[in-house]
Amino acid sequence: MILAVIFDLDGTLVETEELKALSYARAAVELRPELSEAEVVETFKDVVGLSRQEVATALLQRFGLEKAARARMQEFGVSAPWQAYVQVRQHIYEAMLADPALLRRQQYSHNIAYLQQVRREGCRIALATMSYCQQVQRVLEVLGLADEFDFVATRDDVEHGKPDPEIYLLVARELQVPPADCLVIEDSPTGVRAALAAGMNVVAVSTPFTRQRLHESELLPPQHIVDDPGGMPDVVAHVIAHHRHE
């Protein structure tokens, strides 16, 4: 039976992926004013779920930001252009996170309602996110979710980010639940790959940033992907029934 439900954060409980995309885009335009914000946001869809370094490096190369970023390395006391780009972006993103009203508008109420439902039913609940601890705490506090989880794992807790299964295996150990008895709620192909590699059951909740890639990846059967937020309970029930059958 399913003993634990593990949630991703960005794009699953709150649409911070949109805010992250905008922050990377605005930072890119700050470095190269001739760039189109919209084009950077669109390219961000290809790197959703990857680590900060991987995202920054990919966008740095795609949009020719290295020269402008290199010129700001000394300003931030960093050793690589991608780190300077991240610093510019972090200033923008942290200003977004400092706006509680903005974060509340970005929350996925259906998925949060499901989290609270399974908690009431006595299931163990955890969070496994590639965001860093300080930002995670900020988001959870604003959304009133700081006390909802039995365990929270962030990028600070693991050596390897998703799609490596490390963070999900860490959560299973901390909850003392076999991976096969865990259900993961994810939104990106990267996160789905991590959960599957950990030997867990997975339901994907798609967003405008991940919907096309989730379906094209064929990592999950279509009936395990939630495109309509209201359909979450039915999809989860199907996955759990299949798990029991196995």
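**Exercise 1. Helix H11 and its surroundings**

Task: State which residues of helix H11 (residues 189-197) are buried in this predicted model, and find which elements the buried residues of H11 pack against.

Solution.
Step 1. A residue counts as buried when its relative accessible area is under 20%. In H11, the residues that are buried are Pro189, Thr190, Gly191, Val192, Ala194 and Ala195.
Step 2. The buried residues of H11 pack against two helices, H10 (166-175) and H12 (211-217), and against two strands, S4 (182-186) and S5 (201-205).
Step 3. After H11 comes glycine 199, with a positive phi near 80°.

**Exercise 2. Strand S5**

Task: Determine how many residues of S5 are buried, and which of them point which way from the strand.

Solution.
Step 1. In S5, 5 of the 5 residues are buried, so the strand is largely enclosed by the rest of the structure.
Step 2. Val202 and Ala204 point one way from S5, while Asn201, Val203 and Val205 point the other way. The residues on both sides are buried.
Step 3. S5 pairs with S4 in the parallel sense, over 4 bridges. Within this pair, alanine 204 of S5 stands opposite glutamate 186.

**Exercise 3. Strand S1 and its two partners**

Task: Describe how the side chains of S1 are placed, and find the partners of phenylalanine 7 in S2 and in S4.

Solution.
Step 1. From S1, Ala4 and Ile6 point one way, and Val5 and Phe7 point the other way; all are buried.
Step 2. S1 (residues 4-7) pairs with S2 (residues 124-128) over 4 bridges in the parallel sense. Alanine 4 stands opposite arginine 124 in S2, and phenylalanine 7 has leucine 127 of S2 as its bridge partner.
Step 3. S1 is also joined to S4 by 4 bridges, and these strands run parallel. In S4, phenylalanine 7 has isoleucine 185 as its bridge partner.

**Exercise 4. The sheet as a whole**

Task: Give the order of the strands in the sheet, and explain why S3 and S6 each have one side without a neighbour.

Solution.
Step 1. The chain has 6 strands, along with 13 helices.
Step 2. The open sheet is formed by 6 strands in the order S3-S2-S1-S4-S5-S6, with parallel pairing.
Step 3. Strands S3 (151-153) and S6 (225-226) stand at the edges and each has a single partner strand, so one side of each is left without a neighbour in the sheet.

**Exercise 5. Proline 100**

Task: Is proline 100 buried, partly exposed or exposed, and which residues beyond its neighbours in sequence does it contact?

Solution.
Step 1. Proline 100 is located in helix H7 (residues 100-105).
Step 2. The range for partly exposed lies between 20% and 50% relative accessible area. Proline 100 has 28% relative accessibility and therefore counts as partly exposed.
Step 3. Setting aside neighbours within four places in sequence, proline 100 is in contact with Arg138 and Val142. The C-alpha atoms of proline 100 and valine 142 are 6.0 Å apart, although the two residues are 42 residues apart in sequence.

**Exercise 6. Backbone details in three loops**

Task: Find which residues are joined by a cis peptide bond, and where glutamine 176 and glutamate 218 lie.

Solution.
Step 1. The cis peptide bond joins lysine 162 and proline 163, with omega about 20°. Proline 163 has its place in the loop between S3 and H10.
Step 2. Glutamine 176 is in the loop between H10 and S4. Its phi is near 60°, a positive value in a residue other than glycine. Glutamine 176 has a relative accessible area of 73% and is exposed.
Step 3. Glutamate 218 is in the loop between H12 and S6. Here too phi is positive in a residue other than glycine, near 55°. Glutamate 218 is exposed at 66% relative accessibility.

**Exercise 7. The whole chain**

Task: Compare the radius of gyration of the chain with that of a compact globule, and state what share of the residues is buried.

Solution.
Step 1. For 246 residues, a compact globule would have a radius of gyration near 18 Å, and the 18 Å of the chain agrees with this. Along the principal axes, the C-alpha trace spans about 60 × 35 × 35 Å.
Step 2. Of the 246 residues, 53% count as buried. The accessible surface is about 11,200 Å², and 47% of it belongs to carbon and sulfur atoms.
Step 3. Of the contacts between residues at least 6 apart in sequence, 65% join residues at least 24 apart.
Step 4. There are 36 negative and 23 positive side chains, and the centres of the two sets lie 4 Å apart.

Technical notes:
Residues are numbered from 1 along each chain as its sequence is written. This is a predicted model: local features need pLDDT of at least 70, side-chain atom pairs count only at pLDDT 80 or more; totals for chains, interfaces and linings use all residues. Side-chain values use heavy atoms; hydrogens and water are left out. Two strands pair if DSSP finds at least two bridges between them. The radius of gyration is taken over C-alpha atoms; the globule rule is 2.2 Å times the number of residues to the power 0.38. Buried means under 20% relative accessible area, exposed over 50%, partly exposed in between (1.4 Å probe, protein chains only). Contact means heavy atoms within 4.5 Å. Accessible areas come from the Shrake-Rupley method with a 1.4 Å probe; for residues, only the protein chains shown count as cover. Lys and Arg count as positive and Asp and Glu as negative; His and the chain ends are not counted. The place of a charge is taken as NZ of Lys, CZ of Arg, CG of Asp or CD of Glu.
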